[in-house]
Amino acid sequence: MNSELSADQLASLIEFSLDAVILIDADGVIRWANAAIAPVIGYGTTDVIGLQARDLIEPVDREAWQSLVRGLFDDPGVPGRGRFRCRHQDGRGAFHGRFQ
């Protein structure tokens, strides 16, 4: 039995994960998101495609966010971690999201 996941199996795990997953490109534009983002930030998957990810981050945390993202794209073999406050689409208070 092969213990490695196929690309389709991995894609399904991410797509149907209970954790919100957003994929961004090197310019910080959201290119894909799973359905778990809706209860977290209030936006559906199609609502966020094409948005700048930093626009979902509270202004006070944007500099740290941008620094982390730059580091990840400058050295993709090194994992990065951070906690950032985001605001729900309806404007209610910030929540803390973890980025890995």
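These exercises work through the fold, core, salt bridges and surface of a predicted model.

**Exercise 1. Lay out the fold**

Task: State how many helices and strands there are in the protein, and how the elements run from the N terminus on.

Solution:
1. Take the counts. The protein has four helices and four strands.
2. Read the order. From the N terminus on, the elements run α-β-β-α-α-α-β-β.
3. Add the dimensions. The C-alpha atoms fill a box of roughly 50 × 30 × 20 Å along the principal axes.
4. Check the contacts. Among those between residues at least 6 apart in sequence, 27% join residues at least 24 apart.

**Exercise 2. Find the core**

Task: Identify the residues with the most contacts inside the largest nonpolar core, and the element that gives the largest share of this core.

Solution:
1. Start with burial. Buried residues make up 26% of the 100 residues in the protein.
2. Go to the largest nonpolar core. This core has 14 residues. Ile24, Ile30, Val48 and Trp65 have the most contacts inside it.
3. Assign the core to elements. Two or more residues come from each of strand E2 (30–33), helix H2 (37–41), H4 and E3.
4. Pick the main contributor. H4 gives the largest share of this core, three residues.
5. Recall the general trend. In soluble globular proteins, nonpolar side chains tend to be buried together.

**Exercise 3. Classify the aromatic pair**

Task: Decide whether the rings of tryptophan 65 and phenylalanine 84 are stacked or edge-to-face.

Solution:
1. Count first. There is one aromatic pair.
2. Take the geometry. The ring centres of tryptophan 65 and phenylalanine 84 are 5.4 Å apart, and the planes stand at 90°.
3. Apply the cut-off. Planes over 60 degrees apart count as edge-to-face, so this pair is edge-to-face.
4. Place the partners. Tryptophan 65 lies in helix H4 and phenylalanine 84 in strand E3, so the pair ties together parts 19 residues apart in sequence.
5. Check burial. Tryptophan 65 has a relative accessible area of 9% and is buried. Phenylalanine 84 is buried too, at 5%.

**Exercise 4. Trace the salt bridges**

Task: Find the salt-bridge partners of aspartate 25, arginine 87 and aspartate 61, then place the partners in the chain.

Solution:
1. Get the total. The count comes to three salt bridges.
2. Take aspartate 25. Its partner is arginine 31, with the closest N and O atoms 2.8 Å apart. Aspartate 25 is buried, because its relative accessible area is 17% and the cut-off is under 20%.
3. Take arginine 87. Its side chain meets that of glutamate 58 at 2.9 Å, N to O. Arginine 87 is in strand E3 (residues 82–87), and glutamate 58 is in the loop between helix H3 (45–48) and helix H4 (62–74), 29 residues apart. Arginine 87 is partly exposed at 37%, whereas glutamate 58 is buried at 14%.
4. Take aspartate 61. Its side chain meets that of arginine 85 at 2.8 Å, N to O. Aspartate 61 lies in the loop between H3 and H4 and arginine 85 in strand E3, so this pair ties together parts 24 residues apart in sequence. Aspartate 61 is buried at 10%, but arginine 85 is partly exposed at 30%.

**Exercise 5. Inspect the surface**

Task: Locate the nonpolar surface patch and name the residues that make it.

Solution:
1. Take the whole surface. The protein exposes about 7,000 Å², and carbon and sulfur atoms supply 52% of it.
2. Find the patch. Leu5, Leu10, Leu13 and Ile14 make a nonpolar patch of about 350 Å².
3. Look at one member. Isoleucine 14 lies in helix H1 (residues 7–15). Isoleucine 14 is partly exposed, with a relative accessible area of 33%.

Definitions and conventions:
Residues are numbered from 1 along each chain as its sequence is written. This is a predicted model: local features need pLDDT of at least 70, side-chain atom pairs count only at pLDDT 80 or more; totals for chains, interfaces and linings use all residues. Side-chain values use heavy atoms; hydrogens and water are left out. Patches are made of residues with over 30% relative accessible area and no salt bridge: like charges are joined within 9 Å, nonpolar side chains (Val, Leu, Ile, Met, Phe, Trp, Tyr) within 5 Å. Accessible areas come from the Shrake-Rupley method with a 1.4 Å probe; for residues, only the protein chains shown count as cover. A salt bridge is a side-chain nitrogen of Lys or Arg within 4 Å of a carboxyl oxygen of Asp or Glu. Buried means under 20% relative accessible area, exposed over 50%, partly exposed in between (1.4 Å probe, protein chains only). Rings of Phe, Tyr and Trp (its six-membered ring) pair if their centres lie within 6.5 Å; planes under 30 degrees apart count as stacked, over 60 as edge-to-face and the rest as tilted. A nonpolar core is a set of buried Ala, Val, Leu, Ile, Met, Phe, Trp, Tyr and Cys residues joined through side-chain atoms within 4.5 Å. Contact means heavy atoms within 4.5 Å.
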